[in-house]
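User: I have a model open in my viewer and would like to learn how to read its features. Could you take me through it step by step?

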Amino acid sequence: MPPAKAARQLEQEAGLQQPVARPVDVSLPPRLPNVIAGSDHNVSGLRAVQPQAPQRKANPYVFQSRMPVITGEAAYRGYLPIEGVISGQLNASGGALTIKQRAHTGRVESVPELNGEITFKDMLRVNGHVAGSISSEKGTLIVDSSARVDAVIGVAVAVIAGVVNGDVVGRERVELGPQAVIHGNISTPNLAMKPGATFQGDCRMLKSNS
């Protein structure tokens with residue numbers, strides 16, 4: 001019996017001699033103002049990346065159009081070759097069309113952009129190459145210096161600064177600019193030619209209506 005009591009005393013003394021664990025300091029340092037939670041790196045030097053816009057594909061139908069072949073209100077019947085875009089409305093009771101012709105790149109052979117009959121009332125300006133006939137009872141026709149007209153002209157007043165291949169009838173007057181080139185006959189009561197104009201044909205002076 002005495003040996004068992006001595007063993008219990010030894011166990012109690014061994015338990016009293018075990019070192020006591022010290023509490024662990026779990027306090028965290030204060031977070032910096034520009035630090036993301038869960039990271040120790042300062043992000044004050046970073047900047048936002050701007051999103052890049054997607055690249056647009058080139059549109060083959062967008063181009064710089066050239067000057068319209070005629071300017072003014074006119075009625076046309078004939079052939080119209082198109083190298084560009086047509087927009088608008090066309091129906092039995094009339095309509096409106098907008099034509100954008102593609103600009104020429106390089107030197108090409110000149111072909112008529114309008115080939116047919118053109119009639120107008122007040123004023124018409126030709127800026128390109130037309131063929132056929134141009135007529136107006138009381139209107140004024142203006143042919144630009146860069147224009148070419150392969151047509152018979154019958155108007156009240158004709159102001160020509162470009163090239164005309166065909167007969168010209170001006171019931172009131174015909175004016176030829178310094179760069180005008182006429183290959184055809186002229187019939188008018190009043191003819192004015194500036195120095196530099198070229199006229200190859202016959203001239204018939206009509207009686208004035210006034």
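User: How many bridges pair β7 with strand β8, and in which sense?

Analyst: A good habit is to look up the sense and the bridge count together. Here β7 and strand β8 (residues 163–165) pair in the parallel sense over two bridges. For a landmark, find R148, which stands opposite V163 in β8. Keep in mind that this is a predicted model.

User: Which strand is joined to β7 by seven bridges and covers residues 168–176?

Analyst: That is strand β9, and it runs parallel to β7. To find the pairing on screen, start from I153, whose bridge partner in β9 is V168.

User: What about strand β5, how many bridges join it to β7?

Analyst: Seven bridges join β5 (residues 129–135) to β7 (residues 148–160), again with the strands running parallel. One pair to look for is S135 with its bridge partner G154 in β7. Strand β6 (residues 140–143) also pairs with β7 in the parallel sense, over four bridges. There, L141 stands opposite A158 in β7.

User: How does that fit into the whole chain: how many helices and strands does the secondary structure come to?

Analyst: The protein chain has one helix and 14 strands.

User: Now a single residue. Is S187 buried or exposed?

Analyst: The idea is to compare the relative accessible area with a cut-off: buried means under 20%. S187 has a relative accessible area of 15%, so it counts as buried. You will find S187 in strand β11, which spans residues 186–188.

User: Which residues is S187 in contact with, beyond its neighbours within four places in sequence?

Analyst: S187 is in contact with V168, V169, G170, R204 and L206. You have met V168 already, as the bridge partner of I153.

User: What share of the residues in the protein chain count as buried?

Analyst: Of its 210 residues, 23% count as buried. For the surface view, the chain exposes about 16100 Å², with carbon and sulfur atoms supplying 54% of that area.

User: Which residues make the nonpolar surface patch of about 290 Å²?

Analyst: Y76, Y79 and L80 make that patch. Y76 sits in strand β1, residues 70–79.

User: And why does Y76 count as partly exposed?

Analyst: The same kind of reading applies: partly exposed lies between the 20% and 50% cut-offs. Y76 has 31% relative accessibility, so it counts as partly exposed.

User: One last reading: what share of the contacts with a separation of 6 or more comes from residues 24 or more positions apart?

Analyst: In the protein chain, such residues account for 21% of those contacts.

Terms used. Residues are numbered from 1 along each chain as its sequence is written. This is a predicted model: local features need pLDDT of at least 70, side-chain atom pairs count only at pLDDT 80 or more; totals for chains, interfaces and linings use all residues. Side-chain values use heavy atoms; hydrogens and water are left out. Buried means under 20% relative accessible area, exposed over 50%, partly exposed in between (1.4 Å probe, protein chains only). Contact means heavy atoms within 4.5 Å. Accessible areas come from the Shrake-Rupley method with a 1.4 Å probe; for residues, only the protein chains shown count as cover. Two strands pair if DSSP finds at least two bridges between them. Patches are made of residues with over 30% relative accessible area and no salt bridge: like charges are joined within 9 Å, nonpolar side chains (Val, Leu, Ile, Met, Phe, Trp, Tyr) within 5 Å. A salt bridge is a side-chain nitrogen of Lys or Arg within 4 Å of a carboxyl oxygen of Asp or Glu.
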